[in-house]
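Hi,

Here is the structure I promised to pass on to you. Have a look at it first, and my notes follow below.

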Amino acid sequence: MTNNILVLLDVSADGSLAPSSHELLGAAESLGTPVALLVGYSEHRNALAQAAADAGATKVLLADGDDGAYVVPVVDALAAAFELTKPDAVLAAHSDLSKEAVARLAVRVGCAVNVDAVNVTRDSEGVVAHHSAYGGAYTVASSATFGAPVITVRQGSIEARAGKQPLASEALTVASSNRKSATISSVTIADAPTTSRPELRGAKKVVSGGRGLGSAEKFELVEELADALGAAVGASRAAVDAGFVPQSFQVGQTGVQVSPNLYIALGISGAIQHKAGMQTSQTIIAINKDETAPIFEIADYGIVGDVFIVVPQLIAALKR
């Protein structure tokens, strides 16, 4: 074993390291020696490499990307980095691009895939991935019987952070696989709201509202509490289906899965689909006038009451 942990880092739309990078490198440090891989972004490369070192990467591998080609150049770079570092495990965020890239890598190199892990540990036999299963009712562990496991990590689920490292970067030589790839000719960001709130996926604090809010106008109460806490805004599927907020706000098994330090549920009954997307939160607070609501079964703190009476008092107390 080399003790290397290869980490594929995502980059945000503004050219900075994605927030998931810090937890991935923290997780990698708990397992071994974090080696980061950045693909493309030549105009931001130096800044990204420095940011990766500051976040805990002992070495940063830099690979060119084929502008416009989707996924395949990332997989080619991953394969080259895998061959160079011979890692004990590969970590990536459970994001759309990364989870596809590492899945393709696993097929190429013949390794097992563990997706949407909420934690990673190491025992005497190797790296172990931990998953939230059956709607969050159980946490299960899985490990590969051969090769380096390829693991995607749920964003916001890892608390560990790695120590700052001196910058040590290296240009990675990548041989093209010449495999077919979709080509992205242009990108248009549609319906991107201007907000100072954190992104829902990966947020440390989330306030979500359900059908119990009654209307889109009354859902503003959720946003007011979120702003008072500096939290992201989420919603149950019922609230989304009712048209209170867009689908991008949906927390649940078919929406965004979150693992914040604090999750506050307002007027949410707690259907299994919703609980599957937030049950791994560290502290859950539920406010609902129905004392039999299933959300209270998993809440650390529960208030049986009208959200329109309780929440304004909470906001006022926070502002004081």
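Let me begin with one strand pair: strand S3 (residues 59–63) and S10 run parallel and are joined by 3 bridges. One of the pairings puts Val-60 opposite Ser-169 in S10, its bridge partner. Please keep in mind that this is a predicted model.

The two strands belong to an open sheet of 7 strands, paired in parallel and ordered S5-S9-S4-S1-S2-S3-S10. Strand S5 (113–117) and strand S10 (169–171) form the edges, each pairing on one side only. From one strand to the next, the twist averages 25 degrees. Helix H1 (residues 20–31) packs on this sheet, where it touches strand S1 (4–8), strand S2 (33–39), strand S4 (89–93) and strand S9 (150–153). The direction of H1 makes about 160 degrees with that of S4.

Two helix pairs may also interest you.

The first is H3 with helix H4 (residues 96–109): their axes are 9 Å apart and the helices pack at an angle of about 50 degrees. H3 and H4 are therefore oblique to each other, and their crossing is right-handed. On the H3 side the contact involves Val-72, Val-74, Val-75, Asp-76, Leu-78, Ala-79 and Phe-82, which meet Ala-101, Val-102, Arg-104, Leu-105, Arg-108 and Val-109 in H4. Sorted by class, that contact holds 10 nonpolar, no polar and 3 charged residues.

The second is helix H5 (residues 220–229) with helix H8 (residues 307–319), whose axes come within 10 Å and cross at roughly 25 degrees. That angle makes H5 roughly parallel to H8. The crossing of H5 and H8 is left-handed. Here Leu-221, Glu-224, Leu-225, Ala-228 and Leu-229 in H5 meet residues of H8, including Phe-308, Val-311, Ile-315 and Leu-318. The residues of this contact divide into 11 nonpolar, no polar and 1 charged.

Finally, a word on charges. Side chains of opposite charge can pair when their charged atoms come close. How many salt bridges does the model have? The count comes to 13, taking a side-chain nitrogen of Lys or Arg within 4 Å of a carboxyl oxygen of Asp or Glu. Among them is the one between the side chains of Arg-45 and Asp-64, at 3.0 Å from N to O. Arg-45 sits in helix H2 (residues 45–54) and Asp-64 in the loop between S3 and helix H3 (72–85), so this pair ties together parts that are 19 residues apart in sequence.

Happy browsing, and best wishes!

Key
Residues numbered from 1 in each chain as written. Predicted model: local features only at pLDDT ≥ 70, side-chain atom pairs only at ≥ 80, totals over all residues. Heavy atoms only, no water. Axes fitted to C-alpha atoms, helices over the stretch in contact; angles between N-to-C directions. Helix = DSSP H or I, 4+ residues; strand = E, 2+ residues; numbered from the N terminus. Parallel < 35°, antiparallel > 145°, perpendicular 65-115°, else oblique. Left-handed = near helix turned anticlockwise from the far one by under 90°. Contact = heavy atoms within 4.5 Å. Nonpolar A, V, L, I, M, F, W, Y, C, P; charged D, E, K, R; others polar. Pairing = 2+ DSSP bridges.
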